[in-house]
Amino acid sequence: MADDDPRWKERSETNGKPLHQRGWLIAASGLAMFALVLVVMLRMQSIEKVVENIGNLPERVAARMGPAGQGEVLPPAGPQLQAIRGLGERLSGHIIWSSNRDGNHEIYSINVATLEKQRLTDNPHVDFFARFSPHGRRIVFLRSRPEYVSVREALDWDVWLMNADGSNQRRLAERGFYPRWSADGNAVIFGRGQHVVRVDVASGQESIVFDNPADAAQIRFGDVALGADGNRLALVLEGGNGVIRDLEAGVTAPLRGEYVCQPTWAPHDAFIAYIEAVGHGGTRVMRARPDGSMPEVLMDLPGENSHEYFPQLSNNGEWLIWGAASEGHEHDRADYEIFVWKLGEPWESAVRVTYYTGNDMWPDLFIEPR
Ligand SMILES: [Ca+2]
Ligand SMILES: [Ca+2]
């Protein structure tokens, strides 16, 4: 085809600009966009955090695109199994958590004393964030609306209920994130956009507990936890600033630390636990007084599995359960394992309860009252 052929002209021009010019325009606007993102990130975060975030970018993009591949269950043996059995001699109760070991995130339950395992959900959707009711008889959890949703997306989840054995599954509320029980077990509190919502379990009636005021930064979706007194609300704002808001007085106290997230109350609001993104392995579990003061490190496990996330106190407040990865970060993709530890004992006594090379996340532990 000759250069002066009219067909060539038609092919080589788009939107009135020759192709090579258009290529430059795309490259220049891409570069400008990258620079803008970088400037915004630098304004919000330290250089180290920006570098870390850029390093995590491929994993983060992959998480948005589709589910992680399935891993392999490696049944514990020898000292690993002994440690798990030792746990069963010390407490009777159940651990629940979400895992993609059957190809899709489902919720599983283990009887700590007998090591009997049960799969509680079985459907093509993602199920996670299971939380025992105060009496341990029911579980509230999240189910994705489309079949696959990354846990980075906060708006495509419904709040579901089931009995502790997986029976009677029903949807309690639409478009909620990170649901938790009220202290009396009559209601569930969850995040929805800029609101914190309370839904009555019996009637399904909803009311707004907290409407993010204009003076607060945007709530980072999901990181909300209302204390047992119904007044102290822990939440994380964009940029990694955690706060505890006194709803009656309208005053806010900081949740101290760098890049804090995932606040969770100990029973009776004895203290608040949360993740701080510093420490061995890049994260650690912190504990502070209910007003956010006197922060101290609660758990920063020595050894390779020290990228801690998903902290939760057992119903009696005596044990901590969480997930920890040795590498990788994405919460629904990386190889997290579930750990249990009794408060006050040496960190090294923590017991690893999962042995699966895929993703295990968001556990809870209910201990039968003696
Ligand atoms: Ca750590
Ligand atoms: Ca795992």
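How many bridges pair strand 22 and strand 23, and in which sense? The legends below begin with that pair.

**View 1. Strands 22 to 25 form an open sheet.** Strand 22 and strand 23 (residues 319-325) pair in the antiparallel sense, over 5 bridges. Strands pair if DSSP finds at least two bridges between them. The sheet holds 4 strands in the order 22-23-24-25, with antiparallel pairing. Its edge strands are strand 22 (307-313) and strand 25 (351-352), each paired on one side only. Gln-312 stands opposite Ile-321 of strand 23.

This is a predicted model, in which local features need pLDDT of at least 70 and side-chain atom pairs count only at pLDDT 80 or more, while totals for chains, interfaces and linings use all residues. Residues are numbered from 1 along each chain as its sequence is written, and chains are lettered from A and ligands numbered from 1 in the order in which they are written.

**View 2. The whole protein chain has 4 helices and 26 strands.** Both are DSSP runs numbered from the N terminus: helices are H or I with at least four residues, strands are E with at least two. Of the 370 residues, 38% count as buried. A residue is buried if 20 or more other C-beta atoms, placed from the backbone, lie within 10 Å of its own C-beta. Contacts require C-beta atoms, placed from the backbone, within 7 Å. Among contacts with a separation of 6 or more, 45% come from residues 24 or more positions apart.

**View 3. Strands 10 to 13 form an open sheet.** The order is 10-11-12-13, and the pairing is antiparallel. Strand 10 (177-181) and strand 13 (206-211) stand at the edges with a single partner strand each, so one side of each has no neighbour in the sheet. Neighbouring strands are turned by 25° against each other on average, direction ignored. The axes behind this angle are lines fitted to C-alpha atoms; angles run from 0 to 180 degrees between N-to-C directions. Strand 11 (residues 187-192) and strand 12 (residues 195-200) run antiparallel, joined by 6 bridges. Gly-191 stands opposite Val-196 of strand 12.

**View 4. Strand 4 pairs with strand 3 and with strand 5.** Strand 4 (residues 106-111) is mostly covered, with 5 of its 6 residues buried. Strand 3 (residues 93-99) pairs with strand 4 in the antiparallel sense over 6 bridges. Ser-98 stands opposite Ile-107 of strand 4. Their hairpin has 6 residues between the strands, and Gly-103 takes a positive phi near 95° there. Strand 5 (residues 117-119) also pairs with strand 4 in the antiparallel sense, over 3 bridges. Ser-109 has Gln-118 of strand 5 as its bridge partner. This hairpin has 5 residues between the strands, with Leu-115 at a positive phi near 65°.

**View 5. Arg-284 is buried.** Arg-284 lies in strand 20 (residues 284-288). There are 22 other C-beta atoms within 10 Å of Arg-284, which is why Arg-284 counts as buried. Leaving out residues up to four places away in sequence, Arg-284 touches residues including Glu-276, Asp-300 and Glu-308. Arg-284 and Tyr-309 are 25 residues apart in sequence and 7.8 Å apart in space, C-alpha to C-alpha.

**View 6. The largest nonpolar core has 83 residues.** Such a core is a set of buried Ala, Val, Leu, Ile, Met, Phe, Trp, Tyr and Cys residues joined through C-beta atoms within 7 Å. Phe-339 and Leu-320 are among the residues with the most contacts inside this core. Strand 23 supplies the largest share, 6 residues. Beyond four places in sequence, Phe-339 touches residues including Leu-301, Trp-322 and Val-351.

Terms used. Buried ≥ 20, exposed ≤ 12 C-beta atoms within 10 Å, placed from the backbone. Contact = placed C-beta atoms within 7 Å.
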